[in-house]
Amino acid sequence: MHNIQFIRENPSEFDALLGKRGLEPCAESIIEIDKKRREIIHSAETAKAEQNAASKEVGAAKARGDEEEFQRLRALVGEKKAEIAQAEIDAKTADDELRNLLMSIPNLPFEDVPNGADENDNVEIRKWGIPAALNFDAKEHFEIASIAQHFDFERAARLSGSRFVILRGAIARLHRALGQFMIDLHVNEHELDEVFTPVLVRDEALYGTGQLPKFAEDSYKVDGEHWLIPTAEVTLTNMVYGEIVDGAELPMRMVAQTQCFRSEAGSAGRDTTGMLRQHQFEKVEMVTICDPNTSHEELERMTKCAETILQKLELPYRTVALCTGDMGFGARRTYDIEVWLPGQNTYREISSCSNCGDFQARRMNSRFRADDSKPEFLHTLNGSGLAIGRCLIAVVENGQQADGSVNLPEVLHKYLGGATKIDISGKLI
RNA sequence: GGAGACGUGGCCGAGUGGUCGAAGGCGCUCCCCUGCUAAGGGAGUAUACCUCAUAAGGGUAUCGAGGGUUCGAAUCCCUUCGUCUCCGCCA
């Protein structure tokens, strides 16, 4: 949510930065609404002050036992009541109107975020690893001879519909191993704090991170009151919902592995084969809650944490800075990490790391206090570290051999009981 | 799921319709006293918003949250969230 004070003081900067996202200028109309709101609040508060003062006189008259004066004042105050009640309703309405408006406007990109309309304008900032030169036609993950049988889309569809998968045997185990590996690395080497969270949350949590009110159709609502989280960003970030955190506890660097649920509304026809885009998938998510002064460097750190996973898995990738038009609602800066998928002969997104500034903190009313100073809004960051299903795809596609077997990255061996590959029969050996 | 109890400031805790943003204690900050330490004395110690000269000051709201009753609510009523105890169920 935006800071109205900032908009009042920097209307043209506000419009210019939103313009980079392709939005029309709106500062002037916001300021107009705010001005009206303040006038209404002022008159309501003035009326209320008069009523409060009068009530005190009533109380005083009662206290000294002046029954006649008590009755007279009481009637007098009673008369003004309706008028004041209406003024208070108007003030609340005006306040809500501004709040709802501010809630529905996306975050401002940082000045140096590349300008652009869509993903074609994203800027590659690093590249790591060299895709292996294969002397055979690379297959997609579900086509690789040894493991095709382990992806059971038909049965999953029978149970749950399209965009679900059942994993079996060596692939199910590899999937589990990947999550373990990622968490261990983040906890042991990156010093992230491991967290287990619910996957069902209330409305408030989704408002806090920005999925609501605008993107309700992207998530699943169950039992009329809970939502299935689309990402653990929701639960980890909302850890500090409504809190004033002790500055000494910052930064809070957290990691959690959870199921994620997305309706994929609006993605009809995209990535319909394979398990690249699912309604339910597993992801290791990193969230950092920090002091505003450190959020820039924390984003770099977080992005490195995600990249390290790919390096240890020996998977070629590139890191791109998203352009203004491609960034998500709450982000001020986003780096996407794209992993090489030989079967598609292209890089595909496997992680997205964003600095949200104080945007989510304002929605959550999450602040911190450093020493004796006043509470200040926190900064929040989130990033995948990594999407496990997509990582599974990358591991098998990059490890595939001419005979249809799959070589596995060394760091995973110990998570697979010492196995180093999946042989042509689909077994870990 | 059923029954009951409870939810007050950084913490503990008083307050059951009237001047309560809230006694008292702890903690913290500053000052005084005390040749270190301990003890003692004094002052201060919430947040948001509105107004205003980005001063001083004034105002509104907040006693889990949201409504209501009343001239007036931390105190009464309703709803809701949470915690605890007992029962049920369950991994």
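Here is a short walk through this predicted model, beginning at the RNA and then moving on to some of the helices and strands.

Let us start where protein and RNA strand B come together. RNA strand B is surrounded by 24 residues, and the closest of them are E45, K48, S55, V77 and R202. Of the strand B atoms that come within 4 Å of the protein, 73% belong to sugar and phosphate. If you sort the surrounding residues by class, you will find 12 charged, 6 polar and 6 nonpolar ones on the surface near RNA strand B.

Which parts of the fold supply this surface? Helix 3 (27-63), helix 4 (67-103) and strand 14 (367-369) each give at least two residues to the surface near RNA strand B. Helix 3 contributes the most, with 12 residues.

Next, have a look at a few individual contacts. The side chain of R38 places an N or O atom 3.4 Å from a phosphate oxygen of RNA strand B. Q51 also meets a phosphate oxygen of the RNA, with a polar side-chain atom at 3.1 Å. E45 reaches a base instead: a polar atom of its side chain is 2.9 Å from a base nitrogen of RNA strand B.

Now follow the chain along to helix 5, residues 153-160. At its N-terminal end, D152 acts as a cap, with a side-chain oxygen 3.4 Å from the backbone nitrogen of E154. Just past helix 5 comes G161, where phi is positive, at about 105°.

Helix 6 is a good place to pause. Its 20 residues, 169-188, span 28 Å from the first C-alpha to the last, close to the 28 Å expected at 1.5 Å a residue. Many names could be picked out along this helix; the buried residues include A170, L174, F181, M182 and L185. H175 and H186 are also among the buried residues of helix 6.

Finally, turn to strand 11, which covers residues 317-321. Is this strand mostly covered or mostly open? It is mostly covered, since 4 of its 5 residues are buried. Strand 11 pairs with strand 1 (residues 123-128) in the antiparallel sense, over 5 bridges. To find this pairing in the structure, look for W128, whose bridge partner in strand 11 is Y317. Strand 11 also pairs with strand 12 (residues 333-341), again in the antiparallel sense and over 5 bridges. Here V320 is the residue to look for, as its bridge partner in strand 12 is D336. As you trace these strands, keep in mind that side chains in a regular strand alternate between the two faces of the sheet.

Technical notes
Residues numbered from 1 in each chain as written. Chains lettered and ligands numbered in written order. Predicted model: local features only at pLDDT ≥ 70, side-chain atom pairs only at ≥ 80, totals over all residues. Heavy atoms only, no water. Near = heavy atom within 4 Å. Polar contact = N/O pair within 3.5 Å; in protein donor to acceptor, adjacent residues only side chain to side chain. Nonpolar A, V, L, I, M, F, W, Y, C, P; charged D, E, K, R; others polar. Expected span 1.5 Å × (residues − 1). Buried < 20%, exposed > 50% of the residue type's maximum accessible area, 1.4 Å probe, protein only. Pairing = 2+ DSSP bridges.
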